Amino acid sequence: MIHLTIDGGPVASAGPMSILQAATRGGRALTANVGCFGQGVCGACRCMVRREGEREVSTVLACETPAENGMQVSFIDYFTPDRPHRYDVSEIRDSWRFADAVQEIFPEAAHCRHCGGCDRACPKGLDVQRGVALAVDGDFAGAGDIFDQCVMCNLCTLACPERIWPNHLGLMVRRVTTALTLRPVDLMRRLGEIERGEVTIDLAGPDRLQAPTTARQEG
C-alpha cells in the first residue's frame, strides 16, 4: 500500500499508480484538476509535491507523476488572466509586424528578471525563460520550439514577478508562426485567385469553384 497526503487528507491505495489515480481511488471526486485522464497534455492536474525526507517543493502533473509513500500533494486551482491578451492573427502579416505585436501585447516580456522562477515552476521542464527571451529578440521559430510542449497550466505565470504570462506569449508565438509559415501553397494560391476575382464560389451548384462568366465566354 502507498500512504500519502493529498490536500491535507490521508490517502492509502495499492500501487504502483499515478498521483491522480491515487486521488481518485482515495475517494476524491473528479470535479476539477482533471482533463486528459493521463495523457499529460492539458495541464489541469497541476499540483505541488513534497517527497518524504525532502524540504524542496516541486510542481508536477499528477497524471504523469508516480505516487510515492510519504508524499505530500496539494492540487493547484486554475486561474484566468486578469488582463486578457487580445490580438488578431490575420493582422500580423509579416515578421516585422510580429515583432511590433509582441512589444505591444506583451510589453512586460522585455522586463524579464531572469530569476528562473518560470523554469522551476514548469511541470514539463521547459526552458520558459529562454523562450521568452527568444520571443523578445524576434527569434519566433526558436521560441515556438520551446513552447511547443506547453500544456497551458499557467504555473509559469504564477511564479513570474513581472506578470509576463509566458505561456500565453508562447501560444501567440506558435499561432502566428504557424499562420505565417505553414499555410499550404495550393490553399494560398486558390485564396489569391478568389480574392482577385479569377474564381467565384457557387454554393448552389455541383461545382463549388467556377471561373467567372466573362472568362468562360472569352475562352
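**From a salt bridge to the sheet and helices**

Let's start at a single side chain: glutamate 64 has a relative accessibility of 38%, so it counts as partly exposed. Keep in mind as you look around that this is a predicted model. Glutamate 64 has a partner, lysine 124, and the two form a salt bridge whose closest N and O atoms are 3.4 Å apart. Lysine 124 is partly exposed too, with a relative accessible area of 28%. In sequence terms, this pair ties together distant parts of the chain: glutamate 64 sits in the loop between S4 and S5, while lysine 124 sits in the loop between helix H3 (117-121) and helix H4 (128-137), 60 residues away.

That contact is one of 5 salt bridges in the structure. The general idea will be familiar: side chains of opposite charge can pair when their charged atoms come close. Another case joins glutamate 162 to arginine 113, with the closest N and O atoms 2.7 Å apart. This one also links distant parts of the chain, running from the loop between helix H6 (155-158) and helix H7 (166-181) to the loop between helix H2 (95-105) and H3, with 49 residues separating the two partners. Arginine 113 is exposed, at a relative accessible area of 53%, whereas glutamate 162 comes in at 24% and is partly exposed. Then there is arginine 196 with glutamate 198, where the closest N and O atoms are 2.9 Å apart. Here arginine 196 is exposed at 56% relative accessibility, and glutamate 198 is partly exposed at 40%.

Glutamate 64 sits in the loop between S4 and S5, so follow those strands into the sheet. What order do the strands take in the open sheet? Going across its 5 strands you meet S2-S1-S5-S3-S4, and the pairing is mixed. S2 and strand S4 (58-61) are at the edges with a single partner strand each, so each has one side without a neighbour in the sheet. Ignoring direction, neighbouring strands here are turned by 35 degrees against each other on average.

The mixed pairing is easy to see around S1. On one side, strand S1 (residues 2-6) runs antiparallel to strand S2 (residues 9-13), and 5 bridges join the two. Histidine 3, for instance, has alanine 12 in S2 as its bridge partner. The hairpin of S1 and S2 has 2 residues between the strands, and aspartate 7 there takes a positive phi near 50 degrees. S1 also pairs with strand S5 (residues 72-75), this time parallel, through 2 bridges. In that pairing, threonine 5 stands opposite glutamine 72 in S5.

Now go back to lysine 124 and step on into H4. Which residues of H4 are buried? They are Val128, Gln129, Gly131, Val132, Leu134 and Ala135. The spacing of such a set is worth reading against helix geometry: an α-helix has 3.6 residues a turn, so residues three or four places apart point the same way. The cover over the buried residues of H4 includes H2, H3, helix H5 (140-147), H6 and H7. Just after H4, glycine 138 takes a positive phi of about 90 degrees.

The last stop is back on the surface. Leu187, Met188 and Leu191 make up a nonpolar patch there, together offering about 250 Å² of accessible area. Leucine 187 belongs to helix H8 (residues 185-195), and its relative accessible area of 40% makes this residue partly exposed.

Technical notes: Residues numbered from 1 in each chain as written. Predicted model: local features only at pLDDT ≥ 70, side-chain atom pairs only at ≥ 80, totals over all residues. Heavy atoms only, no water. Pairing = 2+ DSSP bridges. Helix = DSSP H or I, 4+ residues; strand = E, 2+ residues; numbered from the N terminus. Axes fitted to C-alpha atoms, helices over the stretch in contact; angles between N-to-C directions. Salt bridge = Lys/Arg side-chain N within 4 Å of Asp/Glu carboxyl O. Buried < 20%, exposed > 50% of the residue type's maximum accessible area, 1.4 Å probe, protein only. Contact = heavy atoms within 4.5 Å. Patch = residues over 30% accessible without salt bridge, like charges linked within 9 Å, V, L, I, M, F, W, Y side chains within 5 Å. Areas by Shrake-Rupley, 256 points an atom, 1.4 Å probe, with all protein chains shown as cover.
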